[in-house]
Amino acid sequence: LYARDGLAWVHSIQGDDAEAQRQREILTNEIAVMRSTDTAFIGSQLIVADSMYNQKQYDGALKLYDAFVKANSGHPRRPEALYRAGMCLYQERFYSQAIDTWRQLVAQHAQTPETIKAEYQIADTLFRQQKYEEAAAAYRRIIAKYPSSDRLALAYLRVASSDFNAKDDAGALNGALALLS
């Protein structure tokens, strides 16, 4: 699997996109055939998915992350795969589906490091979609749930910005004051 992935990467770097895609398809088929619970296979499946993600092949990476999530409900790397699946959806501009995926992560894996990242992604995506009331509520949940987060100032700033953009002047002022305190 590593060799096939490397070969696809080399073809991609050389500008031979057709051959790179062909190698990716072969790799995807090989992975589909290798339905296994072997730990090495499971790890390599995520490595290949990460490689595809890093090469901006979000659709292929998403398929591998989704397959991993469905086949490995109790695996310790499942939260990571869910988070990355949400990132693939986000990169492909399927924002609502990305939010749903991150919400699934938060609901099913509340005590993992990926949870706080997913919660910030949810709030940031809502903010970028100009859903300011929902974004402000999401940031307020982050503030309440993660009071020692290193990104807490950003959450306070986004609450104030969301309230301002939603034409809630009193909320914006309170958010700004909370940021300064």
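**Exercise 1.** Does Gln-121 count as buried or exposed, and at what relative accessibility?

*Solution.* The model is a predicted one. Step one is to place the residue: Gln-121 belongs to helix 7 (residues 113–128). Step two is to compare its accessibility with the cut-off. Buried means under 20% relative accessible area; Gln-121 has 17% and therefore counts as buried. Step three is to list its contacts. Not counting residues up to four places away in sequence, Gln-121 touches Tyr-83, Met-87 and Trp-102.

**Exercise 2.** Check the span of helix 1 (residues 2–13) against the expected span, and find which residues of helix 1 are buried.

*Solution.* Start with the span. Helix 1 has twelve residues, and at 1.5 Å a residue these should span 16 Å. The end C-alpha atoms are 16 Å apart, so the two values agree. Next, take the buried residues: Asp-5, Ala-8 and His-11. These cover an arc of only 125° around the axis, which means that they lie on the same side of helix 1. The face turned away from that buried side carries the exposed residues Tyr-2, Ala-3 and Ile-13. After helix 1 comes Gly-15, with a positive phi near 90°.

**Exercise 3.** Identify the salt-bridge partner of Asp-5 and the parts of the chain that the pair ties together.

*Solution.* Asp-5 forms a salt bridge with Arg-24, and the closest N and O atoms are 2.3 Å apart. Asp-5 is in helix 1 and Arg-24 in helix 2 (residues 17–33), so the pair ties together parts 19 residues apart in sequence. Both Asp-5 and Arg-24 are buried. A further residue, Ser-51 of helix 3 (residues 39–54), is in contact with Asp-5 and Arg-24, leaving aside its neighbours within four places in sequence. Ser-51 is buried as well, at 14% relative accessible area.

**Exercise 4.** For the salt bridges Asp-59 to Lys-63 and Lys-145 to Glu-119, state the N to O distance, the location and the accessibility of each partner.

*Solution.* The structure holds eight salt bridges.

- Asp-59 and Lys-63 meet at 3.5 Å, N to O. They are four residues apart in helix 4 (residues 58–71), so about one helical turn separates them. Asp-59 is partly exposed at 44%, while Lys-63 is exposed at 54%.
- Lys-145 and Glu-119 meet at 2.7 Å, N to O. Lys-145 lies in helix 8 (residues 132–145) and Glu-119 in helix 7, so the pair ties together parts 26 residues apart in sequence. Lys-145 is partly exposed at 42%, whereas Glu-119 is buried at 9%.

Technical notes. Residues are numbered from 1 along each chain as its sequence is written. This is a predicted model: local features need pLDDT of at least 70, side-chain atom pairs count only at pLDDT 80 or more; totals for chains, interfaces and linings use all residues. Side-chain values use heavy atoms; hydrogens and water are left out. Helices (H or I, at least four residues) and strands (E, at least two) are DSSP runs, numbered from the N terminus. The expected span of a helix is 1.5 Å times one less than its number of residues. Buried means under 20% relative accessible area, exposed over 50%, partly exposed in between (1.4 Å probe, protein chains only). The arc is that of the directions from the helix axis to the C-beta atoms. Contact means heavy atoms within 4.5 Å. A salt bridge is a side-chain nitrogen of Lys or Arg within 4 Å of a carboxyl oxygen of Asp or Glu.
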